[in-house]
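Got the viewer open? Load the model, pick a cartoon view with side chains on demand, and let's walk through it stop by stop.

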Amino acid sequence: MHWFMLLLLATLIAGGYYVYQRLLTIEREIREEQNLVSDQHEEHSFVETPPFDASTPEKAPIVTTTEEDLGVEILAFVALNPGLSQAEVYARFPDSDRRELQKRLRKFDQAGSVRREKEGSSYRLYPV
């Protein structure tokens with residue numbers, strides 16, 4: 001009976017070690033993807049707008065963003081960057097809810113506007 005308990009304990013320790021190593025690998029992959037996204041984000045040159053000056057209302061920028069505009073921006077971003085990950089889309093549109101972006105990308109895939117390919121725990125996006 002003692003041998004059985006010892007064997008059971010050794011199996012549990014080995015299983016715990018395997019799970020721990022697997023979690024470390026997943027964490028490493030996530031960190032690499034985040035670094036890739038931040039590196040690519042830094043490579044893109046964006047036109048900076050001058051700071052908003054509330055003292056001169058005639059110079060206040062008029063910005064109207066609708067849900068349709070956001071969809072067009074997402075499709076344009078995917079078209080300009082084929083093969084990007086969904087995480088890169090989240091980074092590009094930080095003010096948008098991540099779940100809403102996921103739903104929108106899934107709808108684009110179903111409608112045939114974007115092709116999603118599963119890669120690990122995320123998707124790669126390609127224009128159609």
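Select Asp-109 to begin: in this predicted model, the residue is partly exposed, with a relative accessible area of 28%. Now add Arg-116, its salt-bridge partner, and check the closest N and O atoms, which sit 3.7 Å apart. Arg-116 has a relative accessibility of 16% and therefore counts as buried, since the cut-off for that label is under 20%.

Next, show the elements around that pair. Helix α4 covers residues 98-111 and packs on the sheet, where it touches β2 and β3. If you draw direction vectors, the one for α4 makes about 115° with that of β2.

Now colour the sheet. It is open, with three strands in the order β1-β3-β2 and antiparallel pairing. Residues 84-85 (β1) and 114-119 (β2) are the edge strands, each pairing on one side only. Go to β3, residues 122-127: two bridges join this strand to β1 in the antiparallel sense. Which residue of β3 is the bridge partner of Ser-85? Click Arg-124 and you have found it.

Keep Arg-124 selected and add Glu-88 and Glu-119: these three are linked in a network of salt bridges. Then pick Arg-115 and Glu-117, another salt bridge, with closest N and O atoms 2.3 Å apart. Both ends are partly exposed, Glu-117 at 34% relative accessible area and Arg-115 at 39%.

Jump to helix α1, residues 2-43, and select Glu-27 and Arg-31. Their side chains meet in a salt bridge, 2.9 Å from N to O. Why can they pair up along the helix? They are four residues apart in α1, so about one helical turn separates them. Glu-27 is partly exposed at 35%, and so is Arg-31 at 48%. In total, the structure holds six salt bridges.

Time to colour by pLDDT. The protein averages 80, and 77% of its residues score at least 70. Select residues 56-64, though: pLDDT stays under 50 there, and the model gives this stretch three contacts beyond four places in sequence.

Finally, zoom out to the whole chain. You should count four helices and three strands, running α-α-β-α-α-β-β along the sequence. Of the 128 residues, 20% are buried. The exposed area is about 10,400 Å², with carbon and sulfur atoms supplying 57% of it. For a contact map, take pairs with a separation of 6 or more: 54% of those contacts join residues 24 or more positions apart.

Conventions: Residues are numbered from 1 along each chain as its sequence is written. Side-chain values use heavy atoms; hydrogens and water are left out. pLDDT is the predictor's confidence in each residue, from 0 to 100. Contact means heavy atoms within 4.5 Å. Two strands pair if DSSP finds at least two bridges between them. Axes are lines fitted to C-alpha atoms, for helices over the stretch in contact, and angles run from 0 to 180 degrees between N-to-C directions. Buried means under 20% relative accessible area, exposed over 50%, partly exposed in between (1.4 Å probe, protein chains only). Accessible areas come from the Shrake-Rupley method with a 1.4 Å probe; for residues, only the protein chains shown count as cover. A salt bridge is a side-chain nitrogen of Lys or Arg within 4 Å of a carboxyl oxygen of Asp or Glu.
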